[in-house]
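I sat down with this one to see how its pieces hold on to each other. These are my notes, in the order I looked things up.

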Amino acid sequence: MTPMRPHGAGAFPKAVDTPAPNSPDPAQLYAALDLGTNSCRMLIAQPKGSQFHVVDSFSKSVQLGQGLEGTGKLSRASMQRTIQAIRICKQKLDRHGVTRMRLVATEACRRARNGANFVSQVRRETGLQLEIIKPEEEARLAVISCAPLVSTKTEQLLVVDIGGGSTELVWIDISHVPARERPRAIMRLHAGFKADPGPFAAAKVVDWISVPLGVATLRDQFADVDDDAARFALMSWFFEENLSDFAPYESEQAREGFQIVGTSGTVTTVAASHLGLKRYDRTKVDGLRMTTDQIDTVIRRYLAMGPVGRRQDPRIGRDRQALIMSGSAILQALMRLWPTDRLSVADRGLREGLLYAQMSADGVLEDAPY
């Protein structure tokens, strides 16, 4: 099945996974590292025209937030696992001679009492300086990374980033922006949700929220519920209850011109399962549009498999099987709440947003949306 892209998508900067030429000039390279509650992920990329080429990458499940719900602290074992992963990132950065980089940590380090101490330990043991970013910046970076998937027909946009420790939702009104300028208007939010857009038509952020529930934290809260289906239902309704402070939650929205873009391992895993991929293929997943019925079919299949079946499914895998149902519970709640029967799948997120923001600030992308 060929993935469907919204009309008008792809007319401005986006990540491209084809390799850059051999031995690129280190002066042209940028790096972005995203240390979340569950994973450590890094991209090294080179700007090329209005896009960028990925030169090298790294991704590993480190479960930094394991046990955080109960103790309020990062455990010694999880910190050591994470530092080992960051050492590999350091080796890649050194090998490519990268000097322009931004290395950020999110919810686990924000919440942990020893988060700042852990950042200091990383600096001592690896020489890399992590930056704990605020939820608003995390949400903003996720939004701009997804801008290429925004349809020119979209007037109301909900961008959802399901993380390990938190879920960010950003509601954007672009109804007053000329249709062909709407994706570019989203890109301009990299300067801030309330930044002056200058002479350009502005995307208005109606509201945004960072819910302190992600795939790991939500799973941990219901770990004592033995029945698989009951645990799933409880997680979904509990997540919905945490959206009561989100302004658009209770306001009625028009179905026409509404789009949800979802970015996370949960969303891409569900998409891969729907497509029946034997081997994950980003080109088939990124930009795919799934209906509510298709999502529900995949989730029902996950429930029917049970924990053992999910662990053995190659599209889920041993690392993600423990988290896929909590992520699916969040996803199902979101699709239940808002007036659309389609979700645009984004295999992109914080790292791509970090790269785009750095390159835009340096003016190295052609046709930047200013």
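Before I start on the sheet, I need a rule: two strands count as paired if DSSP finds at least two bridges between them. I also keep in mind that this is a predicted model.

**Entry 1: strand β8**

I began with β8 and its partners. β8 and strand β9 (residues 204–211) pair in the antiparallel sense, with 7 bridges between them. Across that pairing, Trp 171 stands opposite Asp 207 in β9. I then looked at β7 (residues 156–162), which runs antiparallel to β8 and is joined to it by 7 bridges. Here I found Asp 161 opposite Glu 168 of β8. β7 and β8 make a hairpin, with 4 residues between them.

How many residues of β8 are buried? I get 7 of 7 for the strand, residues 167–173. Thr 167, Leu 169, Trp 171 and Asp 173 point one way, while Glu 168, Val 170 and Ile 172 point the other way, and all are buried. I note that the charged-type names Asp 173 and Glu 168 are on that buried list too.

**Entry 2: aromatic pairs**

Next I went through the rings. I count 4 aromatic pairs. Phe 222 and Phe 238 have ring centres 5.5 Å apart and planes at 70°; the cut-off for edge-to-face is over 60 degrees, so this pair is edge-to-face. Phe 222 sits in the loop between α7 (215–221) and α8 (228–241), and Phe 238 is in helix α8, so I have a pair linking distant parts of the chain, 16 residues apart.

Are these two buried or partly exposed? Phe 222 has a relative accessible area of 13%, so I call it buried. Phe 238 comes out at 25%, so it is partly exposed.

Then I checked Phe 246 and Trp 338, which form an edge-to-face pair at 6.1 Å centre to centre, with 85° between the planes. Phe 246 is in the loop between α8 and β10 (258–263), and Trp 338 is in the loop between α12 (317–337) and β12 (342–346), so this pair ties together parts 92 residues apart in sequence. Phe 246 is at 1% relative accessibility, so it counts as buried. Trp 338 is at 4%, so it counts as buried as well.

I also see that ring pairs link Trp 171, Phe 246, Phe 258 and Trp 338 into a cluster. Trp 171 takes me back to β8, where it is one of the buried residues.

**Entry 3: Trp 237**

I found Trp 237 in helix α8. At 47% relative accessibility, Trp 237 is partly exposed. What lies over the face of its ring? It is Arg 336, at 4.0 Å from the ring centre. I also looked at the backbone here: the C-alpha atoms of Trp 237 and Ala 333 are separated by 7.0 Å, though the two are 96 residues apart along the chain.

**Entry 4: helices α11 and α12**

I compared spans for these two. The 21 residues of α12 should span 30 Å at 1.5 Å a residue, and I get 29 Å between its end C-alpha atoms, which agrees. Still, α12 has a kink of about 45°, centred on Leu 323.

Helix α11 (residues 292–312) spans only 25 Å between its end C-alpha atoms, where a straight helix of 21 residues would span 30 Å. Where is the kink in α11? I find one of about 115° at Gly 306, shortly before the proline Pro 307. Gly 306 is also among the buried residues of α11, as are Tyr 302, Gly 309 and Arg 310. The cover over α11's buried residues includes α8, α9 (265–275), β11 (289–291), α12 and β12.

**Entry 5: Ser 78**

I looked up Ser 78, which is in helix α2 (residues 76–96). Ser 78 is at 0% relative accessibility, so it counts as buried. Setting aside neighbours within four places in sequence, Ser 78 is in contact with Val 62, Gln 63 and Leu 64.

**Entry 6: the whole chain**

Last, I noted the totals. The protein has 13 helices and 12 strands. Of its 370 residues, 56% are buried. Among contacts with a separation of 6 or more, 75% come from residues 24 or more positions apart.

Methods: Residues numbered from 1 in each chain as written. Predicted model: local features only at pLDDT ≥ 70, side-chain atom pairs only at ≥ 80, totals over all residues. Heavy atoms only, no water. Phe/Tyr/Trp six-rings, centres within 6.5 Å; stacked < 30°, edge-to-face > 60°. Helix = DSSP H or I, 4+ residues; strand = E, 2+ residues; numbered from the N terminus. Buried < 20%, exposed > 50% of the residue type's maximum accessible area, 1.4 Å probe, protein only. Lys NZ or Arg CZ within 6 Å of the ring centre and 35° of its normal. Expected span 1.5 Å × (residues − 1). Bend = angle between axes of the 7 residues up to and from the residue. Contact = heavy atoms within 4.5 Å.
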